[in-house]
Amino acid sequence: MCGIAGFLHFDRDRPVSRELIVKMTNALKHRGPDGEGYFIKNNLALGHRRLSIIDLQTGDQPMENSDKNIIIVYNGEIYNYLELKSELELRGHKFHTNSDTEVIIKSYEEWGIDCQCKFNGMWAFALWDGRKNQLFISRDRVGKKPIFYTIHDNTLVFASEIKSIFLYGLPKIINDDLFEIYLMLGFIPAPYTFYKDIKKLEAGHYLLINNGHPSIRKYWDLPEIDESNMLSDRKYIHDVFFDLLNDSIKLRMRSDVKYGS
């Protein structure tokens, strides 16, 4: 588990405050006690608190590409990063780390926003493309990793936890209309939160800020299965399920941190 935070002023001539992004990021220290990092340039500030899991030596964030025009802060794990890395190397990409973070960057260089459809994992990341003046925020398909955001004072503010957003200066205004929903469901469904003006990015969605214009789009959903295509062979169902479960566990065991030793 890591923590990310940041803000982007829509006015390009408005400089960001280093003190503010440090304060917002420090509020997430419990999510990432192993390190911290910042990217501050013009109207953009990105912060990261790291829990080291993969590539303990060279996986620090924020991470830049070799041209320094793509920067990412990221919370999560891409389970199929080794397979993607091999595919990208065959396409001519050179890697300087052993991290899944760099795989995200190279995947974006190769496939653009569609890269998120290639990932098998859990993630919430914010990727800045300086060539396009574009901020790309993505959340994994089933929403295991959280990301909250608001647009306040002509600025997009985002973080892994709401308390970090409040440190930017957003007023705490309870959304009373959601109490009934909370009592019925036991939780507040995305994109809503208990606070007015603060939203949670929905699972399988991404947020794009292009030249100051925000848009939210869905990139993944559960496929519809017609009843005529439902499996009925019990042994085949068992074998397929076992193979998928076994493969899933193997992918999730990839780590440079060995627990229990």
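Trainee: How many disulfides does the structure hold?
Mentor: Zero. Bear in mind that this is a predicted model.

Trainee: Why is there no bond for Cys2?
Mentor: The closest cysteine sulfur to that of Cys2 is in Cys115, 18 Å away, which is too far for a bond.

Trainee: And Cys117, how far is its sulfur from the closest cysteine sulfur?
Mentor: The distance is 8.1 Å, and the partner is again in Cys115. That is too far for a bond, because a disulfide needs the two sulfur atoms within 2.5 Å.

Trainee: Is Cys2 buried or exposed?
Mentor: Cys2 is buried, at 8% relative accessible area. Cys117 counts as partly exposed, with a relative accessibility of 48%.

Trainee: Switching to helices. Which residues of helix 2 are buried?
Mentor: Helix 2 covers residues 81-90, and its buried residues are Tyr81, Leu84, Lys85 and Leu88. Viewed down the helix axis, they fall within an arc of 105°, so they line one face of helix 2.

Trainee: What do those buried residues pack against?
Mentor: They pack against strand 5, residues 70-78, and helix 3, residues 100-111.

Trainee: Where does Leu82 sit?
Mentor: Leu82 is in helix 2. With 38% relative accessibility, Leu82 counts as partly exposed. Its C-alpha is 7.9 Å from that of Asp100, and the two residues are 18 apart in sequence.

Trainee: What follows helix 2?
Mentor: Gly92 does, and its phi is positive, near 100°.

Trainee: Same exercise for helix 1. Which residues are buried there?
Mentor: In helix 1, residues 18-26, they are Leu20, Ile21, Met24 and Thr25. Seen down the axis of helix 1, they fall within an arc of 130°, so these residues line one face too.

Trainee: Which elements do the buried residues of helix 1 pack against?
Mentor: There are strands and a helix on that list: strand 1 (3-9), strand 2 (35-41), strand 3 (44-50), strand 9 (155-159) and helix 4 (162-166).

Trainee: What happens at the start of helix 1?
Mentor: Ser17 has a side-chain oxygen that comes to within 3.4 Å of the backbone nitrogen of Glu19.

Trainee: On to the interior. How many residues are in the largest nonpolar core?
Mentor: It has 24 residues, and those with the most contacts inside it are Ile72, Ile78, Phe119, Phe125 and Phe136. Strand 5, helix 2, helix 3, strand 6 (121-129) and strand 11 (205-210) are the elements that give two or more residues to this core.

Trainee: Which element gives the most to this core?
Mentor: Helix 3, with five residues.

Trainee: What is Ile78 in contact with?
Mentor: Once neighbours within four places in sequence are left aside, Ile78 is in contact with Leu84, Asp100, Ile104, Phe119, Asn120, Gly121 and Trp123. Another core, of 20 residues, lies apart from the largest one, and includes Leu135, Phe158, Leu207 and Ile209.

Trainee: Now charges. How many salt bridges does the count come to?
Mentor: The count comes to 13 salt bridges. One of them joins the side chains of Glu36 and Arg49, at 3.5 Å from N to O. Glu36 is in strand 2 and Arg49 in strand 3, so this pair ties together parts 13 residues apart in sequence.

Trainee: Is Arg49 buried or exposed?
Mentor: Arg49 is buried, at 5% relative accessible area. Glu36, on the other hand, is partly exposed, at 45%.

Trainee: What about Lys118, which residue does it form a salt bridge with?
Mentor: The partner is Glu87, and the closest N and O atoms are 3.4 Å apart. This pair links distant parts of the chain: Lys118 is in the loop between helix 3 and strand 6, while Glu87 is in helix 2, and they are 31 residues apart. Lys118 is partly exposed, with a relative accessible area of 31%, and Glu87 counts as partly exposed at 26% relative accessibility.

Trainee: Which residues do salt bridges with shared partners join into one network?
Mentor: That network consists of Glu87, Arg91, Glu110 and Lys118.

Trainee: Last one. Which residue does Asp221 form a salt bridge with?
Mentor: Lys218, with 3.2 Å between the closest N and O atoms. Asp221 counts as partly exposed, at 47% relative accessibility.

Technical notes
Residues are numbered from 1 along each chain as its sequence is written. This is a predicted model: local features need pLDDT of at least 70, side-chain atom pairs count only at pLDDT 80 or more; totals for chains, interfaces and linings use all residues. Side-chain values use heavy atoms; hydrogens and water are left out. Buried means under 20% relative accessible area, exposed over 50%, partly exposed in between (1.4 Å probe, protein chains only). Helices (H or I, at least four residues) and strands (E, at least two) are DSSP runs, numbered from the N terminus. The arc is that of the directions from the helix axis to the C-beta atoms. Contact means heavy atoms within 4.5 Å. A polar contact is a pair of N or O atoms within 3.5 Å; within protein, one must be able to donate a hydrogen and the other to accept it, and residues adjacent in sequence count only if both atoms are side-chain atoms. A nonpolar core is a set of buried Ala, Val, Leu, Ile, Met, Phe, Trp, Tyr and Cys residues joined through side-chain atoms within 4.5 Å. A salt bridge is a side-chain nitrogen of Lys or Arg within 4 Å of a carboxyl oxygen of Asp or Glu.
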